[in-house]
Amino acid sequence: MVSINRECKSDKEREKIISVASTITDISNISESQSFPLEVDLQVDLEQQTKFYGTFSDCMELYAPAETVANYLNNHSEWFSRCAQPMKVKPLGENGYEIIIGRFGAFNYDVEPKIGLELLPPQEGVYRIRTIPIPDYQPPGYDVDYRASLQLVESENEDNTAQLTPKTRVEWQLYLTVYVEFPNFIKRLPKSLIQTTGDRLLNQIVRQVSRRLTRKVQEDFHQSLGIPFSHKSKKA
């Protein structure tokens, strides 16, 4: 099991928290123009699946009142597909999206996960995201259970002119479970090695996707409101 709990940290600090095994495919060079076909076509066998799961939490700071941030989040059809790039995103119903995450793998076994996510309207100030089925699509050899919650916490931030301005922290927590049916050549490896490598790969995927999405949402939010914003980070 992977479990990460942390305050808002710099990218440098995050790199110290998480180390990724060298056996895992490097996904840092995925470009927006790349398209990766799924190389292995498997039918899921519930009794043969390996389970990987983790709990993750982090936050994103936006320099505006919570009400302004809430209005932006509620209008996700205007920004989500754009900010999610280079992931491929298609609308799915009123609040849902079909998302191709990218290509990931280890031990010469690659998979290109595609999931459906629904961004639910807030209830008592809490936003939730959950997995939903994609019509006419059967995941080849894997299944994903994604459950996330977000809360807005408003505070005051002292700017360069020593004035107090509103700041909102979007605090999120994610419970993620992935079931994978591996081909026989993977099953011959020690179970402990498969479990450790899979957990680290799951960790890497969440880290990279969340970091990139956070940066793009921050940039898009502040640009849409004409609010100056500087975010120095490593390229995701």
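## Strands, a helix crossing and backbone details

Leu150 is found in strand S9, where strands (E, at least two residues) and helices (H or I, at least four) are DSSP runs, numbered from the N terminus. The model is a predicted one, in which local features need pLDDT of at least 70 and side-chain atom pairs count only at pLDDT 80 or more, while totals for chains, interfaces and linings use all residues. Residues are numbered from 1 along each chain as its sequence is written, and side-chain values use heavy atoms, with hydrogens and water left out.

At 16% relative accessibility, Leu150 counts as buried, a class that means under 20% relative accessible area, with exposed over 50% and partly exposed in between (1.4 Å probe, protein chains only). Leaving aside its neighbours within four places in sequence, Leu150 is in contact with Gly125, Val126, Tyr127, Ile129, Val170, Glu171 and Trp172, contact meaning heavy atoms within 4.5 Å. Leu150 and Gln173, which are 23 residues apart in sequence, lie 6.6 Å apart in space, C-alpha to C-alpha.

For the protein as a whole, there are five helices and ten strands, and 46% of the 236 residues count as buried. Among contacts between residues at least 6 apart in sequence, 68% join residues at least 24 apart.

Strand S7 (residues 114-123) is paired on two accounts described here, with pairing requiring that DSSP finds at least two bridges between two strands. Five bridges join S7 to strand S4 (residues 96-100), and these two strands run antiparallel; in this pairing Glu98 stands opposite Gly116 of S7. Six bridges join S7 to strand S8 (residues 126-132), again in an antiparallel arrangement, and the bridge partner of Gln123 in S8 is Val126. The hairpin of S7 and S8 has two residues between the strands, and Glu124 takes a positive phi there.

Two residues other than glycine with a positive phi are set side by side below, together with their places and accessibilities.

| Residue | Phi | Loop | Relative accessibility |
|---|---|---|---|
| Glu124 | near 50° | between S7 and S8 | 84%, exposed |
| Asp136 | near 60° | between S8 and strand S9 (142-158) | 87%, exposed |

A further backbone detail concerns the peptide bond from Gln85 to Pro86, which is cis, with omega near 10°; Pro86 has its place in the loop between helix H3 (80-83) and strand S3 (88-92).

Turning to the helices, the axes of helix H2 (residues 66-74) and helix H5 (residues 191-225) come within 12 Å and cross at roughly 110°, the axes being lines fitted to C-alpha atoms, for helices over the stretch in contact, with angles running from 0 to 180 degrees between N-to-C directions. That makes H2 roughly perpendicular to H5, since angles of 65 to 115 degrees count as roughly perpendicular, under 35 as roughly parallel, over 145 as roughly antiparallel and the rest as oblique. The crossing of H2 and H5 is right-handed, that is, the near helix is turned clockwise from the far one by less than a right angle, whereas an anticlockwise turn would be left-handed. On the side of H2 the contact is made by Thr68, Val69 and Tyr72, and on the side of H5 by Val217, Asp220, Phe221, Ser224 and Leu225. By class, this contact has five nonpolar, two polar and one charged residues, where Ala, Val, Leu, Ile, Met, Phe, Trp, Tyr, Cys and Pro count as nonpolar, Asp, Glu, Lys and Arg as charged, and the others, Gly among them, as polar.
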